[in-house]
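Trainee: I would like a close look at a single part of this model. Please take one helix and then what lies around it.

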Amino acid sequence: MSETALIDKVVPRSDIIKCTARIGAEVRNIKLSGDLPDHTFAAINSLLLEHKVIFFRNQAHLDDAEQERFALRFGTLVPPLLGAAEGTTSILDIDSACGGVRADAWHIDASCVDAYPKVLVLRGVVIPPVGGDTVWSNTAAAYDDLPPTLQRLADDLWAVHSSAFDFAVAVRPSQADKNRHEKFLARTMFETEHPVVRVHPETGERALVLGCYVTRFVDISKYDGQRLFDLFEAHIAAPENTVRWSWKQGDVAIWDNRATMHYAVRDYGDERRVVRRASINGEVPVSVDGRCSVAKVKVVKEPPANFA
């Protein structure tokens, strides 16, 4: 059975609402759980590969444990470096009230490691009354939009992604954010050389690999590298390649971290925002000429006694 026929059989087309022409779809009338039939999960995975990010409303039945069980269907889960939510091994609690993970800059989750997560499952727990949206970009569409000459240039470029990115400039943190990030760097350091263009292992698409973890391009001066970075990022952030999701409590977003970048908009003032994320282990990226990403630095120490 073809993927299209499988999706049509399991999920009626009337229950798949495209958000934009290039990225994003809301999937209705599916109750997510770790016990979904194999054919239903296969349809979900096909929709994810097609739309890059898919959304499910009204999933308030999920708790941390069931979110973890569902995420396991995609593969091996990655324990978060900042510590898992109580009672789980892989759920990261992102709570704005705790000076937690900031994501208000375009990024690929954990791109500072070599085999960064392939899929992320994010659940809305506490949603502010106004603001707090997340924006995703289709980085395969961004690559396709480049003129052939710029595609060839991007194909040849490699970039260094580091956990020691310029946090203060990138995300305008509070002092609590700065303190937490300094503690994070005190125990963890990752640096990886990735191709600027990776070949998707399931679809064969070419997608740009950039974001705020990039510190420099290999064999390119900082001056020229910044202009190249800005040029390619402008295509990634082009409105035509993006979708913006307005969260409600109980929503679940699932995205392909190999073909997207995202940006969590911090426009909710002092209101609290809590989302919980499960990460699925990914593959080492492969460039268009068959070379693999290379981890240059990997240091993980025991956390300080006051790390929280």
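Which residues of α3 are buried?

Mentor: This is a predicted model, in which local features need pLDDT of at least 70 and side-chain atom pairs count only at pLDDT 80 or more, while totals for chains, interfaces and linings use all residues. Residues are numbered from 1 along each chain as its sequence is written, and side-chain values use heavy atoms, with hydrogens and water left out.

The buried residues of α3 are D64, E66, Q67, E68, F70 and A71. Buried means under 20% relative accessible area, exposed over 50%, and partly exposed in between (1.4 Å probe, protein chains only). Helices (H or I, at least four residues) and strands (E, at least two) are DSSP runs, numbered from the N terminus. Helix α3 spans residues 64-71, and six of its eight residues are buried, so the rest of the structure largely encloses it. The cover over these buried residues includes α2 (38-51), β5 (119-126), β13 (252-256) and β15 (274-280), where contact means heavy atoms within 4.5 Å.

The three strands named there belong to an open sheet of seven, ordered β1-β2-β3-β13-β5-β15-β4, with mixed pairing. Two strands pair if DSSP finds at least two bridges between them. At the edges are β1 (16-18) and β4 (92-95), each paired on one side only. Within the sheet, β2 (residues 25-27) runs parallel to β3 (residues 53-56) over two bridges, and A25 stands opposite I54 in β3. Helix α2 packs on the sheet, touching β1, β2, β3, β5 and β13, and its direction makes about 130° with that of β3. For such angles, axes are lines fitted to C-alpha atoms, for helices over the stretch in contact, and values run from 0 to 180 degrees between N-to-C directions.
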